Amino acid sequence: MSQNLRDLLRSLPSFPDELPTLSVESAPEDPTDLFIDWLAAAVDAAVLAPHAMTLSTSEPNGKVTARTLVLKDIDEHGWVFASRDDGAKARDLGANPFAALTFFWPQLGRQVRVTGAVRKRSRADSEADFLGRPAASRASALVGHQSEPLESLDAYRDAYADAAARVSENPSLVARTWSTWSIAPDEVEFWQASRDRGHVRLRYRQHARKWEHGLLWP
Ligand SMILES: Cc1cc2nc3c(=O)[nH]c(=O)nc-3n(C[C@H](O)[C@H](O)[C@H](O)COP(=O)(O)O)c2cc1C
C-alpha cells in the first residue's frame with residue numbers, strides 16, 4: 001500500500017460534529033421498534049437509500065459473500081428482501097439458510113446489525129412484490145442470467161429491450177424467478193457513534209421468544 005493511500009484513508013471524515021444519542025433507559029422491548037425509529041431518523045436526515053443494507057451469506061464451503069439489497073418490509077415473519085432465486089445469494093441461502101444484514105447511516109453515526117434464520121416467502125408474496133416494482137425494474141428482472149458472465153453490454157441492452165417490450169405488452173407479467181425471503185432475527189445490535197469516542201452498543205437477543213437487551217463494550 002502506498003503512503004499516499006494510507007494518508008488519504010487516515011484523513012477521511014466518518015461522522016458530522018453533531019450526532020444523536022442512544023438512550024439505553026428508554027430502549028423499547030422489541031428491537032424492531034427501535035429500528036423503525038432509527039430508519040425514520042435516517043429518512044428525516046436525508047440519508048440516501050436509508051433502506052439499503054448489506055446482506056451477507058455463506059456458501060457450504062464457508063466462503064462468505066455480501067452485497068447490497070433494499071429492505072422491503074418488516075412483518076411477523078421477519079425482515080423482508082427480494083431477489084432472483086437463481087443467483088448466488090439464493091444458492092447460498094438454499095445451502096445455509098442463515099444470514100446477516102448490516103445498515104449504516106453515516107450522517108447519524110449509526111449502524112444496525114441483524115442475524116437470523118432465513119425462509120423463502122410464499123409465491124403470492126413474491127408476485128405482489130414483483131408487480132409493485134417500477135416497469136424498468138420488472139424488465140431488468142425478466143432479463144435473467146444475473147451474475148453470469150456477460151460477453152458485451154450490447155448483448156444486455158438487446159435482452160433488456162426485449163424484456164421491456166414484454167412488460168409493456170403485458171403489465172401483469174411476473175418473472176417466475178423473482179422471490180422474497182424473510183430473515184427472522186435472533187440478534188439485533190444498534191451502534192451509536194459519539195464524538196467523544198464513547199460509542200454505545202446495545203444488543204438485543206431472543207430467548208424463549210422474548211427479547212433481552214444489554215450494553216456491549218464498544
Ligand atoms: C443500492 C442497491 C440496492 C440493491 N437492491 C437489490 C435488491 O433489492 N435485490 C437484488 O436482487 N439486488 C439488489 N442490488 C444488486 C445486488 O447488490 C447484487 O449485485 C445482485 O443482487 C447479485 O447478487 P448475488 O450475485 O450475490 O446474488 C442492489 C444494489 C445496490 C447498489
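**Note on the annotated domain and the ligand shell**

1. Over residues 41-159 the chain is 31% helix and 36% strand, and the end C-alpha atoms are 40 Å apart. Helices (H or I, at least four residues) and strands (E, at least two) are DSSP runs, numbered from the N terminus. This is a predicted model, in which local features need pLDDT of at least 70, side-chain atom pairs count only at pLDDT 80 or more, and totals for chains, interfaces and linings use all residues. Residues are numbered from 1 along each chain as its sequence is written, and side-chain values use heavy atoms, with hydrogens and water left out.

2. An unreviewed UniProt entry annotates residues 41-159 as "domain: Pyridoxamine 5'-phosphate oxidase N-terminal". Its positions are given in the numbering used here, the feature name is shortened, and such annotations may be inferred rather than shown by experiment.

3. The residues around the ligand (a heavy atom within 4 Å of it) are R67, T68, L69, V70, A82, S83, A88, K89, Q146 and S147. Strand 2 (64-70) gives the largest share, four residues. Strand 4 (78-84) and helix 3 (88-95) each supply at least two.

4. By class, this shell has four nonpolar, four polar and two charged residues. Here Ala, Val, Leu, Ile, Met, Phe, Trp, Tyr, Cys and Pro count as nonpolar, Asp, Glu, Lys and Arg as charged, and the others, Gly among them, as polar.

5. Ligand oxygen atoms lie 2.6 Å from a side-chain N or O atom of S83 and 2.7 Å from one of K89. At A82, a polar backbone atom is 2.9 Å from a ligand nitrogen atom.

Note on methods
Polar contact = N/O pair within 3.5 Å; in protein donor to acceptor, adjacent residues only side chain to side chain.
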